Amino acid sequence: MKPILRFFLGITITLIPCLLRSQTIAMEEQNLNRKIKSMSSEKIVSLVNSWRTFLVDYGEFPKLPFDSSSNQINYSFVDNYSLSKSVIFNRVLEWGALSFGSLDAVLHYKDFESGKIIIKGYFSINYKEDYQNFWGKTKEQLNSKDVFQTYIFTIKDNKLKVQIEGIEVEFAISGYSNSNFYVPASKRKYPLDALYPITDQDPIRWKEHLNILKEINDHIAISHRNMKRYISGYQQDYAF
């Protein structure tokens, strides 16, 4: 077991030396090392080869805000503005109306004195995933998911803290027959931490889970930039 374990570690370090600084990739390696301790030599070699192929084919691992102390992906931002608390408060509400269509549908709490605003909404992502066709060959296809999240805004003087919590991904569950009855198709929401480590899944699902995490991460980064731009553009809006 030990020579094979050293072989596994040697492969990952040789293939991705620049990625070992990423907490996300380190989490996956730790999980794989834990899993192979209870595997047969044949299964270890198969898993090692699958991981090596996946890393080469996928390319650069997405940089996710993984907190090793809590073992969770956390989204929290603190921004400074040259604006008053009241302006920032109102601009956040305006941004929410522009981003989600109907503010009444997504606004769950607001209190100017405490500087708190809570918005719950969702967005859709498109991503690529692998699947096996009827003949057992691996193919790639495009899929989509709805992602639900809660924004918690805290405004203090000219500072705005944005926390994005309760992130859930909605998966479609196919209908199936069980004995004498049929279970219809349905949808189920899974928390973000159910998607990682991706190596908890079968190798065929690694791309799906990692791409979902990447698309969520990219969407949140874009939304944050747009929100900062909108709030900062207050004076320009009234320069006429």
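Contact here means heavy atoms within 4.5 Å.

## Basis

This is a predicted model in which local features need pLDDT of at least 70 and side-chain atom pairs count only at pLDDT 80 or more, while totals for chains, interfaces and linings use all residues. Residues are numbered from 1 along each chain as its sequence is written, and side-chain values use heavy atoms, with hydrogens and water left out.

## His-224

His-224 lies in helix 6; helices are DSSP runs of H or I with at least four residues, strands are runs of E with at least two, and both are numbered from the N terminus. His-224 has a relative accessible area of 13%, so the residue is buried (under 20%, 1.4 Å probe, protein chains only). Apart from neighbours within four places in sequence, His-224 is in contact with Phe-77 and Asp-79.

## Helix 4 and helix 6

The axes of helix 4 (residues 85-100) and helix 6 (residues 206-232) are 10 Å apart, and the two pack at an angle of about 130 degrees. Axes are lines fitted to C-alpha atoms over the stretch in contact, and angles run from 0 to 180 degrees between N-to-C directions. Helix 4 is therefore oblique to helix 6 (outside the ranges under 35, 65 to 115 and over 145 degrees).

On the helix 4 side the contact is made by Arg-91, Val-92, Glu-94, Trp-95 and Leu-98, and on the helix 6 side by Ser-223, Asn-226, Met-227, Tyr-230 and Ile-231.

## Nonpolar core

The largest nonpolar core (buried Ala, Val, Leu, Ile, Met, Phe, Trp, Tyr and Cys joined through side-chain atoms within 4.5 Å) has 52 residues, of which Trp-51, Phe-153, Leu-160, Leu-192 and Ile-216 touch the most other members. Helix 6 gives the largest share of this core, 8 residues.

How values were computed. Buried means under 20% relative accessible area, exposed over 50%, partly exposed in between (1.4 Å probe, protein chains only).
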